[in-house]
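Welcome! Here are a few short exercises, each followed by a worked solution. Take a look at the structure, then try each task before reading on.

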Amino acid sequence: MQFWKKTLSILTAGFLLASCESYVDKVDEIDPTSPIDAPIASVLTATEVNYQGIMEGEMARLAGMWSGYFTGSDRQYVPLYNYNTVSADFDGAWGNIFAGTIKNARVLRQKGIASGNRSAQGVAKIMEAHTIGMTAALWGDIPFSQASNLAQFPNPTYDSQTAVYAAVQQLLTDAIADLGTGVGSLTGDYMYGGSRPFWISAANTLKAKFFLHQGQYQQAINFANNGIKNPGQNLFGYHDNEYQKTYNIYYSFLTYDRSGYMTAEGAYAVRLLDAGDRLNRNNTKTNEGARLNWYYQQGLNTASVEPNVLSAREPGFSWGVASDGSEDGFFACDAPFPLVTFEENQLILAESQARLGQTATALASLNLLRSFYNTGGFIPDGWLGAGLLYSPYVLADFATGGIENRAGTVSPEQAFLREILEERYITFYGQLEGFNDIRRTANALRIPANTGSQIPRRFLYSQAEINANTSAPRPSPDLFTPTAIFK
Amino acid sequence: MVTGVITASEDGAALPGVNVIVRGSTTGTTTNATGRFTLNDVPANATLQISFIGYESQEVQVGNRATINVQLKSDVKQLGEVVVTALGLEQSRDAFGSAASNVKGSAIAKSGEATLINGLSGKASGVTIVRSSGDPGSGSYIQIRGQSTISGNLQPLIVLDGIPINNSTLGNSTQGVAQQSRLNDINPEDIASVEVLKGASAAAIWGTRAANGVIVISTKKGTAGQGKINVTFKSTLSMDQLYKSQPLQSNYGGGRFGAFEFVPGGGLSWGDKIADRKGGADTEITAPNATGYAGYFQGDDGVKRYRIANGTLAAPHGGKNSKDVYDYRDVFFKTGYFTDNSLSLSGGDPNGNFYISLGDLNQQGIIKSNSNYRRTTARVNVERRFNPFVKVSTTFGYTKTTSDRVQQGSNLSGLYLGGLRTPADFNVLPEVGTYYAPSGEIFANRQRAYRNPLGSSARSIYDNPIWTQKNVRSTSEVDRYIGKLEMTLTPLKWLDVVSRVGIDSYTDNRRDFFPALSSANQGGLLSLNAIGETQTDVQVFGNARRQLTKDLNLNAIVGINLNNRLFRNNSGFARSFILADNPAPSDITNAQPTNKDPNFGFQQQRTAALYATANIGYRDYLFLNLTGRAESASSFGKQTKRTFFYPAADVAFQFSEALPSLKENQILSFGKLRLSYGEVGVQPEPYNTVTYYGPGGIGESWGPGLDALAYGNGGYQESSVLGNPAIQPERKREAEAGLDLRFLRDRFSLSGTYFQNRTQAAILSVATAPSTGFTSRTGNAAEISNKGIELDLGAKILQGNGFTWDINANWTRYRNLVNSLSGTTSLFLAGFSGTSSRAVEGYPLGVLWGGDFLKDGSGKLILNDAGFPQAASQESVIGDPNPNFRMGIGNTFSYKGISLYMLWDMQVGGQIWGGTKGVLGYFGRSELTGNESTATKDLKVYNTDNDQYGDANGIIKSGTTFRGNIADFGGGQVALTESWYKDLGGGFGPVASQFIEKADWQRLREVTLSYSLKSPGFREKTRLSSIDFSLTGRNLLIISPFVGNDPETNLTGTSNGRGLDYFNNPATRSVLFTIRINY
């Protein structure tokens, strides 16, 4: 009988233990190694990183190949270069735009509202506006008003491209107002170091940019006049020399991740810059030697011309370049990447003025930029020896027989506009805006298609989005269907 | 009162559950777990009927004895005797109501596989074991009855001696090394038997974790002899060879557009025709003042290698004269081998037994350098009965494994990636040497590779396959302890109370080292991981047996189970070494602070459950089994009810016993009908209940990334994965029906099972539209169903005269369907962005997904003007890795001491993505691209701009012989040449569907010839009880339409996605010789 009792007590003890939940409750359902919130400063930094990554990353490379800046030379980049692309190729970029930049910009805005930080709201709106505006430029109709609100809108509708452009302008107007209050800290802002006036001028340049996209030239001029007036106030994405952390994204792709995939063999931009090519744009007032050498190099990995990745700060490698960075390439590992610039602001002014017939003002706007270029201040010293000259143009240069209209096949006005567009094309090297210009201007510069007769008119909607959003356009427009604004 | 112990005659083991009945009365009982019975009120002249399924019944005169010990002889008619249930208890197989396959330990040990699980291949129906790589120690994918979950673990629960153990394979991806499965830590020699419990009802006692079936492994025990210690020594030597290799063309050399290039542009082999070369030594540019002089490279062989001038359109060979070509198979591989020695001691008496073993497996893989696996094991199993009430047993196993692996897959340092892309005319040796630059600078220890043929650059783009074997190291060192302590109390003769505590703990110290010159991690990478998993499991259950009435027998179990699992990974890495020249220091000081990261991974989950089973036997032909389990888990959110109940029931009806008309049937000797139904749940992986913040930044599938922690004061952002606090368990419901038949005094047996299961509310990471701000959300979103048939056949074809021939065959077919993904069209499981294995609504799980050609509504290709197909802009299902059926046939012939076993195994149906071949087509290296064709009419090429052929209109004139193939896509013949393969027709193009291949196979998986020397004369002379010799061949023959690798290969190892071949390391075939000495 003793065993009976013992057993019974063991069993009873066991069944008491079977208050199972108390045993499992001692282990937390939440990962003890992961946070579930972060302060404004951290989210601001992270959103800026996302934002620069969008502008500089895979979309810019693809647009760059379709704009004649780069050439797909190896493996998957060969079909991509030849416009053989599928929806899934856009999953990464689309995910990073919406679930990275836009989402976190809105989180940041909410946090700003909750704590009364107007400045953080302002910067969040600028990043969102620039990102969503470029997304609309590349894809046309996109989710905006119902985006980033899963609880309410699991299938966000697609707002028209025009509606998104209007929303972008509103966001920027609000951002300027927010920043104008001076309320709230911008700790964590590594791009502008918390300078509200700089952000305000960048917001004005962005307003000008998107008005230009829509052909609203007077508006573009108005805002560009309040835009970035000094190269020292350019908005850059910043880089350093750590792989997977701070490397310039182009650098990382071109050297570490996918060397040889993307070169500039036969690229149209090289031909424009290379004095040895019959298409080159050098003239008595212009010498692009330095810029060619800054942008491009003779291949390290292949025998051909490649985007310039030379870096003095590359650890572990001897490039045979000057260690003071004076021979760094445009895509050096720590080279900053332009997001919103004085150069662009100036070119928006010049183009808009030229298109409104304000030729003299336009010429002054262009020459102001050329005078800056002529100082060589924008290029590492080491390249200057290859030749640099940007003397001011005069109207006669565009008249029949002038240096920019030798054959006289176009009117002086058209020749002048062509020069502005060509300068935009060269200035926007590696940036998304080059591809926007091609589509906006109906390829006024006649950049040759890589295959067939036409350059794509848009990006494809992401496969992940098509799969999961019942509101996604069906059928999806193909690559050669123009968007409403860039008809 | 009469008591006694019933034991088995062959090994003296106690037999529980034996019926002991006084003839002609209602008095009767069954033996307890120790084989002991007690009967009261036994008349003096009584006769006891002792019967037990699987054994010959006996009748014993009691006389005036009070103790009657009986040894039962096993009934040779019977095929199987007992089933080891999910709790580790033995139960009569013929009373079992669910499908279970048993594999004897000896069958595994002699399979020739170095690891336990591979030894099960082809031996049990309903079980698929896929060896994902031929690398030593690499993990295998186990699947029982089709995939029944999507994102959760698909691997079955492994129960070793009654306690669950870890069977994880961590770190498999599309690149890196083939990882081990922790199941490999068990020495196959220690295994007594493996029971595969396939059905949900048999497994329900383990609840959540049994959703994918349970594999119950029992290790060996000592046998109760007469105090004799049995000593067994076994030694195996295995020779392993490469047996499936990728066919490559060797007609054309490195280069482009039909011209030789010293550094082939893009790494291509679209160069000059080797047979047209002049022959003899190459014309090198050796004069320092000559044009194109590039310095020279000097390796160990002392030969100076200089640049060779490139070819041109007019002179395609340039300075290349040599017609030598090199076969990678001779250079990368060797004959691998392993030795496997084990020694065991065992013994016992009726009150206790012990088993002690030591084992050492030492394997060198077929890859020439640094591919090895060594496993040293020790095991002690002890069981002791102290008195009629207390029995204690303990099992303890220690395993140490060390291994070194070679990189594979989509990996610039992968063996095959650079290796197979190397042009036929490039000798990869020497792989290292000194580069003398024209400037006079000297660079020692430079890697030389085909895209860096002089070692002039620190970047080789693809690593030389020999260099990467020797220099890129991935080692792993595992220490593992598995222990169990069990106490059985028998307070009443019909009641046992079992308390069982098990601990399984291991640490896996991994070190991955990429030198500064490696291509996958330029600048160098050292990554250290200390991975540890500990699982603690406590079981307390009461096991009661009662004879309720004369006809009704009850066996009831009530118990609790507490389980705690803990995972830790302390890791750190250093990138871009400061001291880059080899040998670099092997700790992570060697990098700038910003290039070093520590990391800590942690995961803990707990499960607690209360369970009960009742097994009711009516007479000896109807058995009903009921199981219920209430389970609570820590991984549910606080908003969810955390306790769930899973019921199961099965019934076994032996109609051959029940129906008098069949009882005496001469043909049908046994017949049983089984029906079962069970529910199990799958608890979510931990930590899915909330939306986290994580280190901010952005990453691209192409590789580049920005880390917001390195910016400003450090950035955190909200995750793109949405948490779900209301997550519920997945529920799998399974019904099965089976028939077990035996004929002609059990000479033939047939067992068939039909099952159907449905998993509802399957947990998965549902892809959400990125525009919602999240890319995925964990939820109960999918419904999956499986149905299938399993057949097992046994036949003793010949018997007598010392010669026997037995056949055992199994056949399995299952059909799997993803019924619903809650609106998500497709879900990524594994693979690449271009081709992946996915879950797609309306298709079987794991289907291959990727780009296809553009087609019209009727499925006809839409061609371009030139007659070539085009890419569809959206991806779709392009293949299915699931087979139609699998079959294994084992034949055993024996004559006296000689026996021959042959296992023929096959898979019919199923597809694989031949990514390797597709990409080698791009490079002009696949066999197909070495063909020459002659145009019989004018043929269009794909794209003149990117081709060596075609006139201004892109036409190859009739009568021209060209490199490539002729195809007709429906618009007339076209020429498939360089531009086609480098674009739409190649593996880097968007159309993956053209590389889907059949993955059917048949193989002679195992052939074993063994001879046992155990004649009385021999025993007398040597005092040994026997010496066994065996010769085993593994994978001796394989017939498959898939060339290039074993069609079982899978790039992502044991992950839930399958059917992907992309520069996977190759599989092996082996011949083994084993000697076993028994004392």
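**Exercise 1. Find out how contacts in chain B are spread along its sequence, and how the chain is built.**

Keep in mind that this is a predicted model. Step one: take the contacts in chain B with a separation of 6 or more; residues 24 or more positions apart account for 68% of them. Step two: look at the secondary structure, where chain B has 64 strands and 10 helices.

**Exercise 2. Decide whether the radius of gyration of chain B agrees with that of a compact globule.**

Start with the length: chain B has 1079 residues, and a compact globule of that length would have a radius of gyration near 31 Å. Next, take the value for chain B, which is 32 Å, so the two agree. For the outer dimensions, the C-alpha atoms fill a box of roughly 115 × 75 × 65 Å along the principal axes. Finally, turn to burial: 61% of the residues of chain B count as buried.

**Exercise 3. Describe the surface and the charges of chain B.**

Begin with the accessible surface, which comes to about 38700 Å². Carbon and sulfur atoms hold 54% of that area. Then turn to the charges: there are 103 positive and 92 negative ones, and their mean positions are 4 Å apart.

**Exercise 4. Work out which side of helix α10 in chain A is covered, and by what.**

First, list the buried residues of α10(A), which spans residues 217–224: Y217(A), A220(A), I221(A) and A224(A). These cover an arc of only 100 degrees around the axis, so they lie on the same side of α10(A). Last, look for the cover, which includes α9 (196–213) and α14 (342–355) of chain A.

**Exercise 5. Locate two residues with positive phi and say whether each is buried or partly exposed.**

A reminder helps here: most residues other than glycine have a negative phi. R75(A) is not a glycine, yet its phi is about 45 degrees. R75(A) sits in the loop between β1 (71–72) and α5 (77–81) of chain A. Its relative accessibility is 3%, and buried means under 20%, so R75(A) counts as buried.

Now move to F257(B), whose phi is near 50 degrees. This residue is in the loop between β19 (255–256) and β20 (259–260) of chain B. With a relative accessible area of 30%, F257(B) is partly exposed.

**Exercise 6. Find a cis peptide bond in each of chains A and B.**

In chain A, such a bond joins R474(A) and P475(A), with omega about -5 degrees. P475(A) lies in the segment after α18 (463–468). In chain B, a cis peptide bond joins L429(B) and P430(B), with omega about -5 degrees. P430(B) is in the loop between α4 (415–421) and β28 (432–436).

Methods
Residues numbered from 1 in each chain as written. Chains lettered and ligands numbered in written order. Predicted model: local features only at pLDDT ≥ 70, side-chain atom pairs only at ≥ 80, totals over all residues. Heavy atoms only, no water. Helix = DSSP H or I, 4+ residues; strand = E, 2+ residues; numbered from the N terminus. Rg over C-alpha atoms; globule rule 2.2 N^0.38 Å. Buried < 20%, exposed > 50% of the residue type's maximum accessible area, 1.4 Å probe, protein only. Contact = heavy atoms within 4.5 Å. Areas by Shrake-Rupley, 256 points an atom, 1.4 Å probe, with all protein chains shown as cover. Lys, Arg positive; Asp, Glu negative; His and termini not counted. Charge placed at Lys NZ, Arg CZ, Asp CG, Glu CD. Arc of directions from axis to C-beta.
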